[in-house]
Amino acid sequence: MAAVLALGVVRIGDAAVRRARADAIADMAALAAVTGGDEGAEAVTGAAGASIRAIRRVGSTVGVRVAADGATAEAAARPAGG
């Protein structure tokens, strides 16, 4: 029983780590898209071993959706003062 519980905890922890990594990559990609355009976002995600699923712009705000290690995450950024 303890082994089954330990395996469950490990799997939950692994999923949380993958989600946190995807969140961090999405944050970096959104910031890179603001300063370096789509190419900047693609460079950041590629360097992290992730991929961009979508990039959208609303006014000066850029939103990105990324996939990394089986998890997806979204983030948005805008220029300072924008």
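Helices, of at least four residues, and strands, of at least two, are DSSP runs numbered from the N terminus. In this predicted model, the chain holds one helix and three strands. Read from the N terminus, the order of the elements is α-β-β-β.

## Overall form

The radius of gyration of the chain is 16 Å, whereas a compact globule of 82 residues would have a value near 12 Å. Along the principal axes, the C-alpha atoms fill a box of roughly 55 × 25 × 15 Å. Of the 82 residues, 28% count as buried. The exposed area of the chain is about 5,000 Å², and 60% of that area is supplied by carbon and sulfur atoms.

Contacts between residues at least 6 apart in sequence can be sorted by their separation: 39% of them join residues at least 24 apart. As for charge, the chain carries 9 positive and 8 negative side chains. The centres of these two sets lie 5 Å apart.

## Helix H1

Helix H1 covers residues 2–47 and includes threonine 45. Is threonine 45 buried or exposed? Its relative accessible area is 2%, and because buried means under 20%, threonine 45 counts as buried. Apart from neighbours within four places in sequence, threonine 45 is in contact with Ile25, Ala29, Ala50, Ser51, Ile52 and Val66. Of these partners, Ser51 and Ile52 fall within the range of strand E1, residues 51–58, and Val66 falls within that of strand E2, residues 61–68.

Alanine 15 is also a residue of helix H1. Alanine 15 is partly exposed, at a relative accessible area of 33%. Its C-alpha atom is separated by 20 Å from that of methionine 28, a residue 13 places away along the chain.

## Salt bridges

The count of salt bridges in the model comes to five. Three of the pairs are set out here, with the N to O distance and the relative accessible area of each partner.

| Acidic partner | Basic partner | N to O distance |
|---|---|---|
| Aspartate 23, 28% | Arginine 19, 42% | 3.3 Å |
| Aspartate 69, 44% | Arginine 21, 31% | 2.9 Å |
| Glutamate 74, 45% | Arginine 56, 39% | 3.3 Å |

The pair of aspartate 23 and arginine 19 belongs to helix H1 on both sides. The two residues are four apart, about one turn of the helix. Aspartate 23 is partly exposed, and arginine 19 is partly exposed as well.

What does the salt bridge between aspartate 69 and arginine 21 tie together? Aspartate 69 sits in the loop between strand E2 (61–68) and strand E3 (71–77), while arginine 21 sits in helix H1, so this pair ties together parts 48 residues apart in sequence. Both ends of the bridge are partly exposed: aspartate 69 has 44% relative accessibility and arginine 21 has 31%.

Glutamate 74 and arginine 56 meet through their side chains. Glutamate 74 is in strand E3 and arginine 56 in strand E1, so the bridge ties together parts that lie 18 residues apart in sequence. Salt bridges with shared partners join Arg56, Arg65 and Glu74 into one network. Within this network, glutamate 74 is partly exposed, and so is arginine 56.

## The E2–E3 loop and the segment after E3

Aspartate 69, already named as a salt-bridge partner of arginine 21, has a further feature in its backbone. Its phi angle is near 55 degrees, which is a positive value in a residue other than glycine. The residue lies in the loop between E2 and E3.

Arginine 78 is placed in the segment after E3. Is arginine 78 buried or exposed? The relative accessible area of arginine 78 is 54%; because exposed means over 50%, this residue counts as exposed. Arginine 78 nevertheless has contacts: leaving out residues up to four places away in sequence, it touches Val34, Ser60 and Thr61. The C-alpha atoms of arginine 78 and threonine 61 are 4.4 Å apart in space, although the two residues are 17 apart in sequence.

Key: Residues are numbered from 1 along each chain as its sequence is written. This is a predicted model: local features need pLDDT of at least 70, side-chain atom pairs count only at pLDDT 80 or more; totals for chains, interfaces and linings use all residues. Side-chain values use heavy atoms; hydrogens and water are left out. The radius of gyration is taken over C-alpha atoms; the globule rule is 2.2 Å times the number of residues to the power 0.38. Buried means under 20% relative accessible area, exposed over 50%, partly exposed in between (1.4 Å probe, protein chains only). Contact means heavy atoms within 4.5 Å. Accessible areas come from the Shrake-Rupley method with a 1.4 Å probe; for residues, only the protein chains shown count as cover. Lys and Arg count as positive and Asp and Glu as negative; His and the chain ends are not counted. The place of a charge is taken as NZ of Lys, CZ of Arg, CG of Asp or CD of Glu. A salt bridge is a side-chain nitrogen of Lys or Arg within 4 Å of a carboxyl oxygen of Asp or Glu.
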